Amino acid sequence: MSDLRIGQGFDVHAFTDGEFVTLGGVRIPHTRGVLAHSDGDVLLHSLCDALLGAAGLGDIGMHFPDTDARWRGVDSREFVRHVETLLAMRGFEVVNVDVTLLAESPRLGKHRDAMRSNIAKDLQIVPERVNIKATTTEKLGFIGRSDGLACQAIALIQKKALAT
Ligand code: MG
């Protein structure tokens with residue numbers, strides 16, 4: 001019997017003046033930047049919350065409080081690697097993850113493989129266990145007005161089988 005756990009995550013960041021956004025650990029040139037304490041990587045933040053949720057470990061704000069100067073401007077891939085370590089310490093491995101970016105722009109297209117590869121590396125799984133999707137909101141709401149962007153993530157993890 002496998003011990004499977006599932007978790008979901010959601011994150012939003014506002015756009016501000018800037019020339020790039022960081023998504024899935026990839027810096028993408030853009031006409032706006034992202035307002036955030038860290039690098040504002042909504043994709044990795046929602047992913048961390050999904051993984052922490054699956055393991056029953058709370059949320060990203062508990063582990064990386066934005067009041068802590070240690071996390072200012074930090075590469076969110078460090079969050080992912082830290083979360084992976086927390087899971088591994090408890091005997092969990094990641095089965096698969098799936099994320100949906102909600103944004104009018106930028107388009108992910110040519111950056112998708114690099115994001116998958118970053119996430120797979122940080123979670124110590126093969127890229128085919130990482131899926132990245134994107135959608136617009138048909139110009140509706142804050143995302144449609146390009147005031148900000150959001151991301152949803154889901155993660156499945158399992159307890160590693162004990163060696164006998
Ligand atoms: Mg965030």
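How closely do the axes of helix α1 and helix α3 come, and at what angle do they cross? In this predicted model, local features require pLDDT of at least 70 and side-chain atom pairs count only at pLDDT 80 or more, while totals for chains, interfaces and linings use all residues. Residues are numbered from 1 along each chain as its sequence is written, and side-chain values use heavy atoms, without hydrogens and water.

The axes of α1 (residues 42–54) and α3 (residues 77–89) come within 9 Å and cross at roughly 10 degrees. The two helices are therefore roughly parallel (angles under 35 degrees). Contact (heavy atoms within 4.5 Å) involves L44, H45, C48, L51 and L52 of α1 and R77, F79, V80, V83, L86 and L87 of α3. By class, nine of these residues are nonpolar, one is polar and one is charged.

The largest nonpolar core (buried nonpolar residues joined through side-chain atoms within 4.5 Å) has 45 residues, and L23, L43, L51, L87, V97, I119 and L123 touch the most other members. Helix α1 gives the most to this core, with nine residues. Leaving aside residues up to four places away in sequence, L123 touches L47, L51, V80, E84, V94 and V97.

The structure holds zero disulfides (cysteine sulfur pairs within 2.5 Å). The table gives two cysteines, both buried (under 20% relative accessible area, with a 1.4 Å probe and protein chains only).

| Cysteine | Nearest cysteine sulfur | Relative accessible area |
|---|---|---|
| C48 | C151, 11 Å | 0% |
| C151 | C48, 11 Å | 0% |

Methods
Axes fitted to C-alpha atoms, helices over the stretch in contact; angles between N-to-C directions. Helix = DSSP H or I, 4+ residues; strand = E, 2+ residues; numbered from the N terminus. Parallel < 35°, antiparallel > 145°, perpendicular 65-115°, else oblique. Nonpolar A, V, L, I, M, F, W, Y, C, P; charged D, E, K, R; others polar. Buried < 20%, exposed > 50% of the residue type's maximum accessible area, 1.4 Å probe, protein only.
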